[in-house]
Amino acid sequence: MQNNSSIDNYEIIKEIGKGSFSNVFLAKKKSDQKEYALKKVNLSNMSNKERENALKEFNFLAEIKDNNVIGYEESFYDNNMNILYLVMEYASYGDLNKVIANNNKLKIYFTETELLNIYLQIASGLKAIHAKQIIHRDLKSANIFITQKNELVLKIGDFNVSKKIDYFNLKNTQTGTPYYASPEIWENKPYDLKSDIWYLGCLFYEIASLTTPF
């Protein structure tokens with residue numbers, strides 16, 4: 001968390017996303033004129049658990065450095081407004097979910113070469129996440145972002161429900177998106193990093209067939 005940064009260092013261009021407690025904006029950093037995605041999280045009406053998740057997302061993104069994970073720029077806190085700001089790489093071409101939906105509408109399937117490229121990128125990003133002992137817990141097409149369209153550069157994002165794994169206290173909390181969730185999560189059993197591999201399998205099925213497996 002940066003102490004010498006503030007929202008005044010950025011020019012807000014437009015809103016590009018909205019959640020229950022957060023808004024995401026396309027913003028330009030005044031010092032270098034580069035475009036970033038700026039997430040504004042209002043902590044005022046959040047429960048302690050929700051605040052904890054918001055802080056973890058910031059910390060996890062700062063910790064992971066990989067070409068296939070959304071890049072972290074900086075984060076800072078506005079004490080007067082009780083707002084957290086997260087500045088990250090801007091995915092100018094949206095997310096994979098929108099591409100899949102459009103391809104499904106037009107009945108255009110990815111080629112075998114494209115599928116292999118997509119799979120290798122997502123698997124590479126997931127490997128970097130797991131190397132930090134982090135379970136993503138919500139690996140889905142809407143959380144795979146596109147930063148280059150011609151060569152299709154993909155990056156995993158959204159660590160809002162991610163957790164650090166503790167092999168002496170395996171997680172058994174139900175979370176994530178039902179279409180992709182592993183059997184252990186559905187059955188409320190302990191699970192670990194391998195649960196994300198189930199997510200990856202379901203995601204790749206969706207990419208190949210343009211529909212979810214379940």
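1. A good place to start is Tyr-119, which is partly exposed, with a relative accessible area of 32%. Please keep in mind that this is a predicted model.

2. Now to the aromatic rings: a search of the whole structure gives five aromatic pairs. Tyr-119 belongs to one of them, with Phe-204 as its partner; the arrangement is edge-to-face, at 5.0 Å centre to centre and 65 degrees between the planes. Since Tyr-119 sits in helix 3 (residues 112-131) and Phe-204 in helix 5, the pair ties together parts that are 85 residues apart in sequence. Phe-204 is also partly exposed, its relative accessible area being 26%.

3. Helix 5 brings us to another pair, Trp-198 with Phe-214, and here the rings are stacked: 6.3 Å centre to centre, with 0 degrees between the planes. Trp-198 is in helix 5 and Phe-214 in the segment after helix 5, 16 residues apart, and the pair links these distant parts of the chain. Trp-198 counts as partly exposed at 34% relative accessibility, whereas Phe-214 is exposed, with a relative accessible area of 61%.

4. Do have a look at Tyr-199 as well, found in helix 5 (residues 194-209). Is Tyr-199 buried or exposed? Its relative accessible area is 0%, so Tyr-199 is buried. The C-alpha atoms of Tyr-199 and Ala-181 are separated by 6.2 Å, with the two residues 18 apart along the chain.

5. One last group to view together: Tyr-10, Tyr-36, Phe-76 and Tyr-85 are linked by ring pairs into a cluster.

Definitions and conventions: Residues are numbered from 1 along each chain as its sequence is written. This is a predicted model: local features need pLDDT of at least 70, side-chain atom pairs count only at pLDDT 80 or more; totals for chains, interfaces and linings use all residues. Side-chain values use heavy atoms; hydrogens and water are left out. Helices (H or I, at least four residues) and strands (E, at least two) are DSSP runs, numbered from the N terminus. Buried means under 20% relative accessible area, exposed over 50%, partly exposed in between (1.4 Å probe, protein chains only). Rings of Phe, Tyr and Trp (its six-membered ring) pair if their centres lie within 6.5 Å; planes under 30 degrees apart count as stacked, over 60 as edge-to-face and the rest as tilted.
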